[in-house]
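Dear colleague,

I am passing on the model we spoke about, and below it you will find my notes on what turned up. Please read them alongside the coordinates and tell me where you would look further.

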Amino acid sequence: MRAIANIISIICVFAFFGCNDSKNQNLSLDEGTTSSVTISEESVSLTTQIPPELIEGTPQPIKVPNLELAPQKAPTILVPNNTDLLSIGMPIAASDDFPIIGELEYITDGDKDAGEGYFVELMDGLQWIQIDLQAPSVINAIWIWHYHSQKRAYHDVVVQVSNDANFASNVTTLFNNDYDNSSELGKGSDFPYVESRFGKLINAEGTEARYVRLYSNGNTSNDMNHYIEVEVYGKSSP
Ligand SMILES: [Ca+2]
């Protein structure tokens, strides 16, 4: 009987410590949760609404070097938690004032669907569009959808920001995949990429600027330039 009592008391001791251990684990988990909440108050993963898949037409070959394939899920980067979508409804200027299809307003109207009526087509050759954020802003990210109903890559994608509407001075280049300097904006080291519904997310790293300009020079399926939506994330300067 005594042996059984001893065994029971040993079990009780283990149960006690076991219980204590799990309490400690819970406590440390709570602390861990608290700590991660603290981190998330400073920075968060940037997400956006991703449009549905709509692939149409005959696939065309994509012949460019160092091609980055389309992602299988939405990209993300960490941004400050007070980051806002600054570009929605903001005015657009362009090198081609009279788009062949659609309107420049489509670029900041919040619609990212692939079909007819959602994209603007600019003429062939090197063309740019420019978003006016209306005030110097801290820019954390730029998310771009050129066209996603066909797998294709746009040539000479160059993304610049500046406080000068003419981009004559104080220009910061955030992305440039013009690997052979065919657009004469300077040779870029970023890779050509396949368009998809997930868009192209560029880290702007808090660069301050009022204007965002995006260049392209046709694509691997035709010579035209297209935009469905461009989102600029950041914080307006006080
Ligand atoms: Ca749009």
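Read from the N terminus, the protein chain follows the order α-β-β-β-β-β-β-β-β-β-β-β, which comes to 1 helix and 11 strands. Please bear in mind throughout that this is a predicted model. The average pLDDT of the protein chain is 87, and 82% of the residues score at least 70. The exception I would flag is residues 1-40, where the pLDDT is below 50 and where the model shows 1 contact beyond near neighbours in sequence. Where pLDDT is low, the predicted coordinates should not be read in detail.

As for the chain overall, 33% of its 238 residues count as buried. Among contacts with a separation of 6 or more, 80% are between residues 24 or more positions apart.

The element I looked at with most care is strand β7, residues 158-162. All of its residues, 5 of the 5, are buried, so the strand is largely enclosed by the rest of the structure. Val158, Gln160 and Ser162 point to one side of β7, while Val159 and Val161 point to the other, and the residues on both sides are buried.

Two pairings of β7 are worth following in the viewer. With strand β8, residues 172-176, β7 runs antiparallel and is joined by 4 bridges; here Val159 stands opposite Phe175 of β8. With strand β9, residues 200-216, β7 pairs over 5 bridges, again in the antiparallel sense, and Ser162 has Tyr211 of β9 as its bridge partner.

That leads to the question of the core: which residues touch the most other members of the largest nonpolar core? They are Ile142 and Val232, in a core that counts 44 residues. At least two residues of this core come from each of β4 (92-94), β5 (120-122), β6 (127-145), β7, β9 and β11 (229-236), and β6 gives the most, with 10 residues.

Ile142 makes a convenient place to start if you want to inspect the packing. Setting aside neighbours within four places in sequence, Ile142 is in contact with Val159, Leu174, Ile202, Ala204, Val212, Val230 and Val232. Two of these names have come up already: Val159 is the residue of β7 that stands opposite Phe175 in β8, and Val232 shares with Ile142 the position of touching the most other core members.

With best wishes

Conventions: Residues are numbered from 1 along each chain as its sequence is written. This is a predicted model: local features need pLDDT of at least 70, side-chain atom pairs count only at pLDDT 80 or more; totals for chains, interfaces and linings use all residues. A residue is buried if 20 or more other C-beta atoms lie within 10 Å of its own, exposed if 12 or fewer, and partly exposed in between; C-beta atoms are placed from the backbone. Two residues are in contact if their C-beta atoms, placed from the backbone, lie within 7 Å. pLDDT is the predictor's confidence in each residue, from 0 to 100. Two strands pair if DSSP finds at least two bridges between them. A nonpolar core is a set of buried Ala, Val, Leu, Ile, Met, Phe, Trp, Tyr and Cys residues joined through C-beta atoms within 7 Å.
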